[in-house]
Amino acid sequence: MSHWLLVVLAMGTAATADPPPTEPAADLTPTSSVRLIANIDVKDFGAETLRIGDLNADGEPDLLLVQCVYGSRQITCLTALSLRGDVLWQSGQPSADNGRIYSDLPVQIYDWDADGHNDVLYVRQAKYVSPAWDGKSPRERADEYEGPAVMVVLDGETGREKSHFDLPAPADDSFLFADLTGQGRRQDLVVKDRYWNMWGISHEGQELWRYTGSTGHYPAIGDVDDDGRDEVFVGFALVDDEGKVLFQKDAADAHQDACWILRAPDGKWRLLFGNSGLHCLMPDGTELWSRELREAQHVVAGRFRLDSALQLAAVDRRPVPGRRNASAWSMLYLYDLEGREIWRRQQEPGSWASAIVPVHWSGSSELDSILVYDRGTGRPVVLYNGQGEITDTLAMQYAPYRTETDRQAHFCAIAADVWGDCRDEILIFGPRGLCIYANTRSLLVPTLYNETLYPGM
Ligand SMILES: [Ca+2]
Ligand SMILES: [Ca+2]
Ligand SMILES: [Ca+2]
Ligand SMILES: [Ca+2]
């Protein structure tokens, strides 16, 4: 059973009436400015990988939890849930041991066949023939594969397989939808292995191109030359829709940990990436500026302040050399678009692996917030405003039966407007729990000051 505690905002699209709560709603609100709106018992299907999209076409976003074998990244179970935690379908075998992951996973929700209903796409790995694997440590590539990797397309409503097609065998790390063929819709694919190869794949499943070089973690795409087709940015290189390398820098043994493409209000594209430092490039590869950080693991853009059009938040995971332990901390930075530091905030001991996400916490036309998670074992997620102040603290929640060990499990967080009120909710999720918080502050809507009452007669 799900633990549906409170709904604070009317859901205009709800198609079915929910049963009334069987127990009094507990007040788990950590502060008056946020409200816990869902605390879902993930039983044995919890995971650090979550995708969001309307799977059953009732207009309300749904959740997809993805489990895998930790070392091999093989996807073992997909669980589709409503926002209340009702299981819509499950594909594969759930296991409480398969909720952890150190990487991204190749799974997305998208209307692949453009029939108006979302599908679920995931990659089934090729067989890794050699070298031998110990069954535990991260297995990132093979010397020899047997057969191809396979993109599987599932019906979003039922989880039943609709179609599948082959991919290059190593392409099982993650994938993006991109418009590589000028169809006006991002219905082609960019697929990649962990760090070494990337392929452009047409909607029909044909290999359009292959790029070999330092791909880093997750590319960013954008039509930076305005020809109606997406370019793919991997930090050290920019690749166009036909696989042509527009620029490439010597990565040595490095790779990007974070990529971001933006077009600022001045009309200029900026390509940002973090490896050891933080770099801002133009589409021709010219470096506009860089900042020396030891490990710029995340960079995100947003409008966090009023005094400039956009700012950049970044995390340095190793401001103190060499340390990655319970006493190591990270540093959160805010920069302007020219790379000038606006502020920095040292995080707490144990927070070295901190990650950040931009959040439309106050509404799409208001200032953004910076969500920080991975702040150390058991520590809550926090939201920073553009002044560098913590405005909200959101603790992970669990079903009552969860043990103290369960409550020490790692979790992640993302932001999405799952209630459609133009403000993002915060979803916190891991192998042992999944909860959703909403902002309870008044939505800043200008007053309708010349109202009148005229019923008519
Ligand atoms: Ca739905
Ligand atoms: Ca579809
Ligand atoms: Ca283009
Ligand atoms: Ca919302």
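In what order do the strands of the open sheet with strands 20, 21, 22 and 23 stand? The close-ups below take up this question first and then move on to another sheet of this predicted model.

**View 1. The open sheet of strands 20 to 23 in the predicted model.** The order of its 4 strands is 20-21-22-23, and their pairing is antiparallel. Strand 20 (258-263) and strand 23 are the edge strands, each of them pairing on one side only. From one strand to the next, the twist averages 15°.

**View 2. Strands 22 and 23 side by side.** Here we zoom in on strand 22 (residues 278-281) and strand 23 (residues 287-291), an antiparallel pair joined over 4 bridges. Look for leucine 278, which stands opposite arginine 291 in strand 23. Leucine 281 has its bridge partner in strand 23 too, namely glutamate 287.

**View 3. The hairpin turn between strands 22 and 23.** The two strands form a hairpin, with 5 residues between them. If you like checking backbone torsions, stop at glycine 285: this turn residue has a positive phi of about 95°.

**View 4. The open sheet of strands 28 to 31.** This sheet also has 4 strands, in the order 28-29-30-31, and its pairing is antiparallel. Why is one side of strand 28 and of strand 31 left without a neighbour in the sheet? Strand 28 (355-359) and strand 31 (390-394) stand at the edges and each has a single partner strand, so one side of each stays free of a neighbour in the sheet. On average, and with direction ignored, neighbouring strands here are turned by 25° against each other.

**View 5. Strand 28 against strand 29.** Strand 28 pairs with strand 29 (residues 369-373) in the antiparallel sense, over 5 bridges. Two facing pairs are handy landmarks: alanine 355 stands opposite tyrosine 373 in strand 29, and proline 358 stands opposite isoleucine 370 in strand 29.

**View 6. The surroundings of strand 28.** Is this edge strand mostly covered or mostly uncovered? Strand 28 is mostly covered, with 4 of its 5 residues buried. Buried here means that 20 or more other C-beta atoms lie within 10 Å of the residue's own. So strand 28 pairs with a single partner strand in the sheet, yet strand 28 is mostly covered.

Notes:
Residues are numbered from 1 along each chain as its sequence is written. Chains are lettered from A and ligands numbered from 1 in the order in which they are written. This is a predicted model: local features need pLDDT of at least 70, side-chain atom pairs count only at pLDDT 80 or more; totals for chains, interfaces and linings use all residues. Two strands pair if DSSP finds at least two bridges between them. Axes are lines fitted to C-alpha atoms, for helices over the stretch in contact, and angles run from 0 to 180 degrees between N-to-C directions. A residue is buried if 20 or more other C-beta atoms lie within 10 Å of its own, exposed if 12 or fewer, and partly exposed in between; C-beta atoms are placed from the backbone.
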